[in-house]
Amino acid sequence: MSPALIAVDWGSSRFRAYLMAGKGEILGEVECGDGVASIPPGGFPDALARLVGDWLAAYPRAAVVASGMVGSRHGWKEAPYVPCPADPRDIGDKLVAVEAGGRRVWLVPGLSYEDETGQPDVMRGEEVEILGIAESGARLVVLPGSHSKWAAIDGGRVVRFRTFVTGELFAAIRDHTLAGAFARGLKPNPPGAAFKRAVARGTAAARGENGGGLLGALFGARALPLMGKLPEEDAADYLSGLLIGAEVEEARRLFPDAEPHVVGDGTLVARYLAAFAALGLGASAAPQKAAARGLLFLARAAGLIRS
């Protein structure tokens with residue numbers, strides 16, 4: 001199993017790299033906190049050499065493909081967005097080349113989508129995870145996070161997607177508002193009764209049931225503990241459930257038919273699976289290391305490696 005690919009998933013806060021054989025076997029891994037935000041301007045070639053220099057030296061014929069914010073305008077060099085629908089070949093045709101110590105590195109473009117109202121949406125980095133899961137037959141992929149993504153897949157193509165600022169909104173409310181004061185300094189507990197209660201409440205709010213909405217429901221994260229109707233230690237769990245419940249309801253209106261495949265951090269995946277279960281909806285955890293598989297498919301589509 002000779003190494004054929006150095007696959008790099010280089011986000012804002014994390015660096016992950018995989019040494020891969022042509023058939024997809026992972027032969028080595030590197031993970032650290034040297035995200036794009038920590039690299040000074042012009043410092044990407046040196047950073048790559050420091051992080052995977054041994055691989056670069058040992059395997060001079062291996063292709064090097066990098067995805068994530070490294071290909072943004074704040075990264076090494078901007079790789080422009082590819083509009084949806086898009087498949088691995090569409091994305092592979094738009095790889096952007098940069099140089100690192102005489103070695104060519106290919107940067108993966110992100111994806112864009114414009115809905116019927118003219119509202120644009122973008123992703124960068126998640127596209128390789130989606131492609132890595134699409135090969136398993138998934139038709140709907142959910143990627144929880146600061147900016148949660150829901151993406152529809154058809155025939156291996158990313159047809160459309162929608163972003164929800166669920167994680168970012170949770171952090172902003174918890175850390176910077178009076179409504180989130182009881183949750184401040186707390187991490188959500190493992191999904192329990194308070195979370196499930198809030199998921200149902202957030203879903204109902206997103207539907208506009210009983211004349212309410214999410215903005216009014218969010219103040220419950222303060223009012224319920226104040227009035228002794230929610231333990232203070234459950235405030236973060238409740239706030240999380242409200243937002244995830246609202247996200248699921250909004251997203252299911254846009255993507256009503258397919259069963260979601262949830263990919264990402266294990267804790268977040270478990271939280272979303274618990275939310276789906278609380279609502280009586282089917283969902284499954286996607287296989288791990290989806291980004292590595294997606295980068296492999298892109299390298300093949302671009303003709304950089306053979307299987």
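Okay, K289. In this predicted model, K289 comes out as partly exposed, because its relative accessibility is 34%, and that falls between the 20% and 50% cut-offs. You'll find K289 in the loop between β14, residues 284-285, and α10. What caught my eye is the backbone: phi of K289 is near 60°, a positive value in a residue that isn't glycine.

There's another one like that. N210 has a positive phi too, near 55°, and again this is a residue other than glycine. N210 is in the loop between α5 and α6, with α6 covering 214-218. Is N210 buried or exposed? It counts as exposed, because its relative accessibility is 81%.

While we're on backbone oddities, look at C84 and P85. A cis peptide bond joins the two, with omega at about 0°. P85 sits in the loop between β5, residues 82-83, and α2, residues 88-92. Why flag any of these? Because most residues other than glycine have a negative phi, and most peptide bonds are trans.

Okay, on to the strands. Start with β1, residues 3-10. Eight of its eight residues are buried, so β1 is largely enclosed by the rest of the structure. Which strands does β1 pair with? One is β2, residues 15-21: seven bridges join the two, and they run antiparallel. The connection from β1 to β2 is a hairpin through four residues. If you want a landmark for the register, P3 stands opposite A21 in β2. Another partner is β4, residues 63-67, and here the pairing is parallel, over five bridges. The landmark there is I6, which stands opposite V64 in β4.

That brings us to the packing. How many residues does the largest nonpolar core have? It has 37, and the ones with the most contacts inside it are L5, V108, L111, I130, V141 and V158. The elements that each supply at least two residues of this core are β1, β2, β4, α3 (126-134), β10 (140-143), β11, β12 and α10 (290-301). The largest share, seven residues, comes from α10.

Take V108 as a way into that core. Leaving aside neighbours within four places in sequence, V108 is in contact with V65, A66 and S67, with A79, I91 and L95, with R124, E127 and V128, and also with L295 and L298. Apart from this core lies another one, of 27 residues, and among them are F15, I39, W55 and V96.

Now, the second largest pocket. Its volume is about 170 Å³. What lines it? The residues are R139, L140, A152, I153, D154, V159, R160, F255, P256, D257 and A258. Two elements give two or more residues to that lining: β11, residues 148-154, and β12, residues 157-164. The largest share is from β11, with three residues. By type, the lining divides into seven nonpolar, four charged and no polar residues.

Last, a few buried spots you may want to click on. G180 is in the loop between α4, residues 166-176, and α5, residues 193-207. G180 counts as buried because its relative accessible area is 1%, and the cut-off is under 20%. Setting aside residues within four places in sequence, G180 is in contact with I173 and R174. How far is G180 from A236? In sequence they are 56 residues apart, and in space 7.9 Å, C-alpha to C-alpha.

Then P225, in helix α7, residues 220-226. P225 counts as buried at 8% relative accessibility. Not counting residues up to four places away, P225 touches F182, G220, L230, E232 and A235. For a sense of scale, P225 and W106 are 119 residues apart in sequence and 52 Å apart in space, C-alpha to C-alpha.

And finally R271, in helix α9, residues 266-278. Buried or exposed? R271 is buried, with a relative accessible area of 6%. Its contacts, not counting residues up to four places away in sequence, are P188, N189, P190, P191, F195, D237, S240 and I244.

That's my tour. Questions welcome.

Key:
Residues are numbered from 1 along each chain as its sequence is written. This is a predicted model: local features need pLDDT of at least 70, side-chain atom pairs count only at pLDDT 80 or more; totals for chains, interfaces and linings use all residues. Side-chain values use heavy atoms; hydrogens and water are left out. Buried means under 20% relative accessible area, exposed over 50%, partly exposed in between (1.4 Å probe, protein chains only). Two strands pair if DSSP finds at least two bridges between them. On a 1 Å grid over the protein atoms alone, a cavity is a set of points where a 1.4 Å probe fits but cannot get out, and a pocket is an open set with protein on both sides within 12 Å along at least five of seven lines; lining residues have an atom within 4 Å of a point. Grid points are joined across faces, edges and corners, and a volume is the space filled by probe spheres set on the points. Ala, Val, Leu, Ile, Met, Phe, Trp, Tyr, Cys and Pro count as nonpolar, Asp, Glu, Lys and Arg as charged, and the others, Gly among them, as polar. Contact means heavy atoms within 4.5 Å. A nonpolar core is a set of buried Ala, Val, Leu, Ile, Met, Phe, Trp, Tyr and Cys residues joined through side-chain atoms within 4.5 Å.
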